Amino acid sequence: MAKAKIKFADVNVTVTVPVGTRIIEISEKVGSYIAYNCREGDCGSCLFTVLDGAENLSTPSSLEEATLFAHFQEVLDGWRSAGDLESLQSMMRRENFAGKTCRLACQTQVFGDATVAPI
Amino acid sequence: MAVTDRVHWIGAFDPKMRTFDVILKTPNGTTYNAYLVRGSEGVAVIDTVKAETADQFFTRLEAVADYSEIKVIVLNHLEPDHSGALPELMRRAPQATLYISDAAQLMLKALLNNSNIAYTPVTTNDRVSLGDRTLRFLNTPYLHWPDTQCTYLEEEGVLFSGDVFGCHYCDEQLFNDSVGDFRFSFEYYYSHIMRPFKQYVLSALELIEPLQINLIAPTHGPILRDHPRHYVERYRELSTPQLHLEIDHDVKTMLIFYISSYGNTMHMAEAIRDGALEIGGFRISLYDLEGGEVEPFVDLVEDADAILVGSPTINGDAVKPVWDLLSSFAKINVKGKVAGAFGSYGWSGEAVRMVEDRLRGLKMRVPAGGLRIKLIPSDVELEDCRDYGRDIGAFLMGKPRAREIDMSQL
């Protein structure tokens, strides 16, 4: 069985897992401070940051992208007064939604080595 | 019933209600408060009532307004005791616009099983005009559902607070300066409904406290027109961590609870404490569950940063005082606290894993696998306990030891 190493920076734990394991299955067992509620991709509470190895994680599904977008919408709401909302949204999509930085632990599968941390 | 010149109470009395939402005792019944606001260019209805009491709601509404006048419907919270009469109200006032919070959108569809409902999502500082009266919305999530919001009638200083500042107390006198003594109900309601969401209460108070408040109109219990700010202040008191009023904010605390049949789990607890003390930098308390009441422990747990629970295994299970303690955690917010389980056992030993699962189920952080020792801990095993204490202590202090583990070990 192919395996990968996933490091949780906040608890200083590196776990060897079977390829395909979801981040949340490990994070809750090592005490990482990646929160969670619904575990189904709806609530957006299990946000985490990818510090290294983003390319080794599963591609965000449309559900994950939608939830991430809803989460950041709260941030964007605060920037409404600054105008230019469209470009802000584009930036957030480009920087955060393409699997580079922010992901949902309940949706993200591990396919190779990576380092992650809670938001 | 007139609340002010422009605000009418159009809710319902439910004096015979004795248990609310399965868990809340209501010895005095309850009310489902709904309100009607009249502006120069239309009428707003704020919240509705439980479906079974809809007749009262519509009768009182019809006494003060025509359905054709209703321009605005606001639901501050979609739980069925406030949304029960909504479908019929929308049928009778199809021209009205429904305003709900962002988070309420999916709930609305799930509650009404109708995806064609027209609504407008609103958030903090969004406003809707009734001509000479203005409603301003305050997004106050998790008080006590994700969808909750408050609505502020600016010109009158009336806060339609939803479940916040409410209580289950039925008295047709309605106003806090006229009804009986409802302090018990107010505190009980906070304790059972708002307490797990203290952090969100404090966030909401940041929005509410700056307002000029002449009257608070909650969705249950008395309308607070006499000293309304007293209730706001009480919410802040109840929601502020008490321990940190007594010691420095930076000092973390660890609580170790145990119960022991023959002293073995107790010796484990003591060794774990000794190991944690070697890390230092935080306060540790050791409690024997056999000698304590659960309720005071809940107050301590609420303010603590780490909670370890030790139980022997009897008949393949943790023992009742342990489950009593763990079940009481549902009343408070323990999410994110550091936790762990340990215990001595005789011939099976399921308790530690069961307690650990419960701690994880409560979304506590369990950084190290539970510690189980068969019967009397040897010197080597007591050192394992001390090491476990050091591990948890280091984790609590933000300096977790580096570990490499295989998932099969988790």
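Helices and strands here are DSSP runs, with helices of at least four residues and strands of at least two, numbered from the N terminus. The model is predicted. With that in hand, read chain A from its N terminus: the elements run β-β-α-β-α-α-β-β. That comes to three helices and five strands.

Chain A has 119 residues, and 49% of them are buried. Its accessible surface is about 5,500 Å². Carbon and sulfur atoms account for 49% of that surface. Now take the contacts in chain A between residues at least 6 apart in sequence. Of these, 64% join residues at least 24 apart.

Next, the nonpolar cores. The largest holds 61 residues. Which of its residues touch the most other members? They are Phe57(B), Ile70(B) and Phe165(B). Helix α5 of chain B, residues 183-194, supplies the largest share of this core, six residues. Another core lies apart from it and has 51 residues. Among them are Ile26(A), Tyr258(B), Phe395(B) and Met407(B). This second core therefore includes residues from both chain A and chain B.Go back to Phe165(B) in the largest core. Set aside its neighbours within four places in sequence. Phe165(B) is then in contact with Leu159(B), Phe186(B), Leu205(B), Ile208(B) and Ile216(B), and also with Pro218(B), Leu224(B), Tyr231(B), Val232(B) and Tyr235(B). Phe186(B), one of these partners, falls within the residue range of helix α5.

Two threonines of chain B come next. Thr4(B) sits in the segment before β1, which spans residues 7-9. What does the side chain of Thr4(B) reach at 3.1 Å? It reaches the backbone nitrogen of Arg6(B). The side chain of Thr4(B) also makes a polar contact of 3.0 Å with the side chain of Glu156(B). Beyond its neighbours within four places in sequence, Thr4(B) is in contact with Glu156(B), Val158(B) and Leu215(B). Glu156(B) thus appears both as a polar partner and in the contact list.

Thr265(B) belongs to helix α9 of chain B, residues 264-279. Is Thr265(B) buried or exposed? Thr265(B) counts as buried because its relative accessibility is 1%, and the cut-off for buried is under 20%. Leaving out neighbours within four places in sequence, its contacts include Tyr258(B), Ile259(B) and Ser260(B). Thr265(B) also touches Gly310(B), Ser311(B) and Pro312(B). Phe342(B), Gly343(B) and Ser344(B) complete the list for Thr265(B). Tyr258(B), a contact of Thr265(B), is also a member of the core of 51 residues.

Conventions
Residues are numbered from 1 along each chain as its sequence is written. Chains are lettered from A and ligands numbered from 1 in the order in which they are written. This is a predicted model: local features need pLDDT of at least 70, side-chain atom pairs count only at pLDDT 80 or more; totals for chains, interfaces and linings use all residues. Side-chain values use heavy atoms; hydrogens and water are left out. Buried means under 20% relative accessible area, exposed over 50%, partly exposed in between (1.4 Å probe, protein chains only). Contact means heavy atoms within 4.5 Å. Accessible areas come from the Shrake-Rupley method with a 1.4 Å probe; for residues, only the protein chains shown count as cover. A nonpolar core is a set of buried Ala, Val, Leu, Ile, Met, Phe, Trp, Tyr and Cys residues joined through side-chain atoms within 4.5 Å. A polar contact is a pair of N or O atoms within 3.5 Å; within protein, one must be able to donate a hydrogen and the other to accept it, and residues adjacent in sequence count only if both atoms are side-chain atoms.
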